[in-house]
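Reader: Got a minute to walk through this one with me? Pull it up and I'll start asking.

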Amino acid sequence: MSTPAPTVAIGDRVVGAGHPAYVVAEAGINHNGDVELAKRLVDVAADAGADAVKFQKRTPEIATPAAMRDTRRETPWGEMSYLEYRYRVEFDEAQYGEIARHCDKRGIAWFASPWDVPSVEFLERFDVPTHKVASASLTDVPLLEALRATGKPIICSTGMSTLEEVERAVEVLGTERLVLLHATSTYPCPPEESNLRTIETLRQRFPGVPVGYSGHERGLQVSIAAVALGACVVERHVTLDRAMWGSDHAASLEPDGLRKLVRDVRIVETALGDGVKRVFPGEEAPRKRLRVV
């Protein structure tokens, strides 16, 4: 008897083989600290048919590397230290409350990547349906332990990591409510670094864990191919305009790109079928006309 394919429940969605891919629009910090811009990104995700929109949450004095804090940075708000910039683009509880209400109004789930333990506690106050481990946080054991302690499903990106580092993270997180995402943390990611066959590598190494894909490439082809290879989650950054100021915009999809991504993911899922060889209704007439008996 074959082993059932692993699935994880995220809110009212079941994620895993045999279910539609869970499409996540990564707003990240592309809102540049502007709540109204964040709400517009929520609208873009909802209008495109994405399943969820994801943000990032940091406690800047904890999550900012000490060596980076005093580095000067040119920003749209003038020159400031990197730590000041990190504070400038963070939302507080009232602002996230406004975003949460807007997501509820638009009928789309939201969650975030917490970059430190206090940020996990912050997000838990909103009862988010899942938490996301950013690739950069995969080796942060105290953070992983705090995430597991929530009892929530966890989506974990594996960019910039060795397989051994992924194995150690899975040991900490457990496999009961875990989804792994293959990722390459190059922004933007060239096709030759996408390495999509790693989706199958992760699936074989962690047979009880659904595997998806987090993409940072330009265009749609690689993400669509990931779905064809069985990715059960597709996450892509989204922006209003790739020319906007900020580090992630160039590797993001604009609104029409996200809409086309969701459309094409659903077409590919339909086209994959169930693998049972059969004669389809559309083949009957050609069969009668062309087949030599």
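Reader: In what order do the strands of the open sheet come?
Author: This is a predicted model, to say that up front. The order is 7-4-3-12-11-10-9-8, eight strands in an open sheet.

Reader: And is the pairing parallel or antiparallel?
Author: Parallel.

Reader: Which are the edge strands?
Author: Strand 7 (109–114) and strand 8 (131–133), each of which pairs on one side only. From one strand to the next, the twist averages 25°.

Reader: How many bridges join strand 3 to strand 4?
Author: Four, linking residues 22–28 of strand 3 with residues 52–57 of strand 4. In that pair, V24 stands opposite A52 of strand 4.

Reader: What about helix 1, where does it lie?
Author: Helix 1 (residues 35–48) lies across strand 3 and strand 4. It runs at about 150° to strand 4.

Reader: And helix 4, which strands does that one touch?
Author: Strand 4 and strand 7. Helix 4 covers residues 93–106 and packs on the sheet, its direction making about 170° with that of strand 4.

Reader: Switching topic: where's P281?
Author: In helix 11, which spans residues 281–290.

Reader: Is P281 buried or exposed, and why?
Author: P281 counts as exposed because its relative accessibility is 69%, and the cut-off for exposed is over 50%.

Reader: How far apart are P281 and V166?
Author: In sequence, 115 residues; in space, 46 Å from C-alpha to C-alpha.

How values were computed:
Residues are numbered from 1 along each chain as its sequence is written. This is a predicted model: local features need pLDDT of at least 70, side-chain atom pairs count only at pLDDT 80 or more; totals for chains, interfaces and linings use all residues. Side-chain values use heavy atoms; hydrogens and water are left out. Helices (H or I, at least four residues) and strands (E, at least two) are DSSP runs, numbered from the N terminus. Buried means under 20% relative accessible area, exposed over 50%, partly exposed in between (1.4 Å probe, protein chains only). Two strands pair if DSSP finds at least two bridges between them. Axes are lines fitted to C-alpha atoms, for helices over the stretch in contact, and angles run from 0 to 180 degrees between N-to-C directions. Contact means heavy atoms within 4.5 Å.
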